[in-house]
Amino acid sequence: MSLIHKVEEITMEYGGGARHSIGTFILEKKSALTRYSLQEIADATYTSKAAVVRFAKALGFSGWKEFLKAFWEEQSYQEQHYTDIDANYPFDADSSRQDIINQLCSLQVESLLDTADLLDGAPLAECAELLLRSRRIAMFGLNPNLTLAELFQRKMLSIGRQVELPSMGDSGLLAHSLTAEDCAVIISYSGNSIHHGPLSVLPVLEERRVPVIALTSVGDNLLRQRADYTLSISSYERLYSKISTFATENSILYILNVLFSCCFATDYQANISRKVGTARRLESERRTDAQALREE
């Protein structure tokens with residue numbers, strides 16, 4: 001989880017009071033935060049210098065200067081690699097239709113480029129190998145991520161690999177049915193909510209020694225710590241304050257497409273033959289069915 005996401009999480013956790021005020025100020029100022037002294041931040045948030053320092057310590061830093069350095073570096077990286085399009089609010093009430101077309105296009109292209117930079121060939125090869133040798137593959141996540149997982153499921157089926165997605169409320173049941181010969185793919189942007197959502201199955205998977213591939217945001221989080229393999233999602237959207245998950249969905253879909261392609265390429269000619277043969281048979285069956293309907 002990136003630092004700005006940790007700030008947002010602690011801000012949302014404290015719906016009022018000093019931490020909420022300080023967190024809101026940080027989220028508004030972003031890289032401009034370095035322009036403010038400790039006293040100016042305390043005055044602007046109606047808190048105290050001690051409260052600002054405690055905020056930094058709550059995030060695991062020894063003091064405000066250490067937090068500010070890490071936060072500035074993260075924000076500077078994002079601003080250097082991206083345009084001024086806000087991933088959370090890429091358009092507003094005054095945006096024209098053409099503005100929306102252009103800004104969403106730029107946002108999605110940037111998301112893909114960043115995701116490509118985050119991917120590494122070696123872990124991808126290991127993940128593809130794990131998927132191909134596993135007896136069963138199960139995927140866990142929340143919508144809309146599970147909808148994206150359905151596309152991956154369909155692609156994998158085309159090369160003879162079945163991927164299982166839990167029905168509503170059946171994540172635990174599916175997790176308990178897996179063994180060390182299987183594997184699990186967990187998609188979680190924040191990667192920290194162990195008591196609910198897709199991470200709630202982690203203890204079961206660990207107990208049953210099921211290898212785990214994680215798709216999660218950049219930065220340290222619980223899922224990244226405990227998964228066997230991690231593929232990083234482009235992390236430029238806030239956890240809560242946004243119009244939609246435009247960039248995140250694009251990043252996840254791209255990772256799953258790359259993962260499928262790595263699996264496909266492992267036995268390229270055989271998979272091409274399978275795909276072409278299946279397509280021909282399905283088309284022949286479709287035409288036969290259509291002919292039968294006309295004759296009726």
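The following dialogue introduces the overall build and the central sheet of a predicted model.

Trainee: With a predicted model in view, how many helices and strands are there in the protein?

Mentor: The protein has 13 helices and five strands. Its C-alpha atoms fill a box of roughly 80 × 50 × 35 Å along the principal axes.

Trainee: What share of the residues counts as buried?

Mentor: Burial is judged by relative accessible area, and a residue under 20% is called buried. Of the 296 residues of the protein, 42% fall in that class. The accessible surface comes to about 15800 Å², and carbon and sulfur atoms hold 52% of that surface.

Trainee: In which order do the five strands form the sheet?

Mentor: The order is β2-β1-β3-β4-β5, the sheet is open and the pairing is parallel. Strands β2 (163–164) and β5 (229–233) are the edge strands, each pairing on one side only.

Trainee: Which helix packs on the sheet, and which strands does that helix touch?

Mentor: Helix α12, residues 246–266, packs there and touches β1 (137–140), β3, β4 and β5. The direction of α12 makes about 140° with that of β5.

Trainee: Over how many bridges does β3 pair with β4, and over how many with β1?

Mentor: Strand β3 (residues 183–187) pairs with strand β4 (residues 212–217) in the parallel sense over four bridges. The pairing of β1 and β3 is also parallel and has four bridges.

Trainee: Which residues stand opposite one another in these pairings?

Mentor: Between β3 and β4, A184 stands opposite V212, and I186 faces A214 in the same way. On the β1 side, I137 stands opposite C183 of β3.

Trainee: How should one read the two faces of a strand such as β3?

Mentor: The general idea is that side chains in a regular strand alternate between the two faces of the sheet. In β3, one side carries C183, V185 and I187, while A184 and I186 lie on the other. These residues are all buried, and both faces of the strand are thus covered.

Trainee: Why is β3 described as largely enclosed by the rest of the structure?

Mentor: The description follows because five of the five residues of β3 are buried.

Trainee: What part of the contacts joins residues 24 or more positions apart?

Mentor: Among contacts in the protein with a separation of 6 or more, such pairs account for 69%.

Trainee: How far apart are the mean positions of the positive and negative charges?

Mentor: The protein has 30 positive and 38 negative charges, and their mean positions are 3 Å apart.

Note on methods:
Residues are numbered from 1 along each chain as its sequence is written. This is a predicted model: local features need pLDDT of at least 70, side-chain atom pairs count only at pLDDT 80 or more; totals for chains, interfaces and linings use all residues. Side-chain values use heavy atoms; hydrogens and water are left out. Two strands pair if DSSP finds at least two bridges between them. Contact means heavy atoms within 4.5 Å. Axes are lines fitted to C-alpha atoms, for helices over the stretch in contact, and angles run from 0 to 180 degrees between N-to-C directions. Buried means under 20% relative accessible area, exposed over 50%, partly exposed in between (1.4 Å probe, protein chains only). Accessible areas come from the Shrake-Rupley method with a 1.4 Å probe; for residues, only the protein chains shown count as cover. Lys and Arg count as positive and Asp and Glu as negative; His and the chain ends are not counted. The place of a charge is taken as NZ of Lys, CZ of Arg, CG of Asp or CD of Glu.
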